[in-house]
Amino acid sequence: MAETVPATTPETTAPAAPATETPREDFNTMPLEELKKIVEEKLEKVPTPNKKAHEEAIAAIDKAIADMKARFDEIKVERSMIFEGYRVKKAANEANRANRKALLDKRNELMAKRDAARAEFNKAKAEVEQINASIKNASHMKPEDLEEKIQRAEEKIEVESLSMKEERELQRQIKEWEAQLKTAKVSSNLFDRRKELDEAIKAARETMNGLKGELDKVFAELGLQFEKREKKPEGEEEKKEEKEDPIKKLNEEWEENKKKIDAKYAEKKALIAEFHA
């Protein structure tokens with residue numbers, strides 16, 4: 001016997017309710033007054049773009065951009081002037097250093113000459129003192145003068161008739177001259193040497209005096225340079241603290257100017273887009 005399969009009833013889906021639509025207004029049957037009212041309420045009058053005002057605004061922006069670009073040229077010139085000032089100042093400083101070095105070299109040269117003259121002076125002076133000590137008791141007469149005196153005295157004793165007293169006096173004088181003659185023969189060269197040394201001392205003194213005058217001039221010039229370098233105008237320390245780097249300031253202005261130009265270009269682009277919208 002065959003198996004009985006129960007019959008299945010197919011599912012049915014309920015039809016969707018039709019969507020409600022806003023009923024359209026029939027402008028054909030609408031009274032004229034109501035139609036006019038709807039038109040006036042829903043349509044807004046769009047103002048016509050003012051071409052003249054637009055062009056003036058664009059021209060103002062272009063002028064501002066041109067002015068800011070011209071400022072770039074001014075900044076370049078100002079930077080060049082500052083760098084030129086640095087160059088001139090550097091050259092002046094180098095010239096001052098070279099002049100100072102020349103003065104220092106001249107000072108060293110003059111001091112070396114002065115020291116050499118002083119050494120010569122001291123050496124001559126010391127030798128003169130030694131000579132003076134050696135000939136302290138020496139006769140200042142020349143050997144030939146003493147020899148002549150001795151010879152005349154001896155001839156007088158031999159030729160003339162002298163009393164015993166006069167002869168003894170001449171004998172005593174001859175002995176004294178002979179003693180002086182021995183010293184004179186030894187010290188004769190020393191007298192000549194002392195004369196030479198006196199001249200050397202005089203020359204060394206004159207040299208030292210002349211060098212002192214030259215050194216005074218050099219030291220005065222060096223002193224003026226030192227004062228110019230060290231002397232600071234009143235309030236300079238405060239100014240130095242407040243002083244800004246001019247190049248840094250110009251570079252900052254350059255970057256700020258670039259940003260302003262970019263902003264002006266953006267403003268111009270927005271105006272053009274708005275005009276053609």
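User: I've landed on Glu178 in this predicted model. Which helix is Glu178 found in?

Analyst: Glu178 sits in helix H4, which covers residues 164–230. Keep in mind that the model is predicted.

User: Is Glu178 buried or exposed?

Analyst: In between. Buried means under 20% relative accessible area and exposed means over 50%, so Glu178, at 33%, counts as partly exposed.

User: Which residues gather with Glu178 in the patch of negative charge?

Analyst: Look for Glu154, Glu155 and Glu158, which join Glu178 in a negatively charged surface patch. Helix H3, residues 143–159, supplies three residues, the largest share of that patch.

User: Let's zoom out. How many helices and strands does the protein chain have?

Analyst: Six helices and zero strands. Going along the sequence, you read α-α-α-α-α-α.

User: How do I read the core, then? Which residues make up the largest nonpolar core?

Analyst: The idea is to look for buried nonpolar residues joined through side-chain atoms within 4.5 Å. Here the largest set has eleven residues: Ala117, Phe121, Ala124, Val128, Ile131, Ile135, Phe191, Leu197, Ile201, Ala204 and Met208. Helix H2 (51–134) and H4 are the elements that each give two or more residues to this core. There is also a second, separate core of ten residues, and Ile65, Ile75, Ile82 and Leu250 are among them.

User: And what share of the 277 residues is buried?

Analyst: Buried residues account for 17% of the protein chain.

User: On to salt bridges. How many does a search of the whole structure find?

Analyst: It finds 17. To spot one, check for a Lys or Arg side-chain nitrogen within 4 Å of an Asp or Glu carboxyl oxygen. Try Glu176 and Arg172, whose side chains meet at 3.2 Å, N to O. They are four residues apart in helix H4, which means about one helical turn separates them. Glu176 is partly exposed at 35% relative accessible area, and Arg172 is partly exposed at 41%.

User: Where else in helix H4 are salt-bridge partners four residues apart?

Analyst: Go to Lys212 and Asp216, again separated by about one helical turn. Their side chains form a salt bridge at 3.2 Å, N to O, and Asp216 is partly exposed, with 40% relative accessible area.

User: What about Asp115: which residue forms a salt bridge with Asp115?

Analyst: That's Arg114, with the closest N and O atoms 3.8 Å apart. Asp115 itself is partly exposed at 38%.

User: Which residues are linked in a network of salt bridges?

Analyst: Arg71, Glu74, Glu78 and Glu253 are linked that way.

Note on methods
Residues are numbered from 1 along each chain as its sequence is written. This is a predicted model: local features need pLDDT of at least 70, side-chain atom pairs count only at pLDDT 80 or more; totals for chains, interfaces and linings use all residues. Side-chain values use heavy atoms; hydrogens and water are left out. Patches are made of residues with over 30% relative accessible area and no salt bridge: like charges are joined within 9 Å, nonpolar side chains (Val, Leu, Ile, Met, Phe, Trp, Tyr) within 5 Å. Accessible areas come from the Shrake-Rupley method with a 1.4 Å probe; for residues, only the protein chains shown count as cover. Lys and Arg count as positive and Asp and Glu as negative; His and the chain ends are not counted. The place of a charge is taken as NZ of Lys, CZ of Arg, CG of Asp or CD of Glu. Buried means under 20% relative accessible area, exposed over 50%, partly exposed in between (1.4 Å probe, protein chains only).
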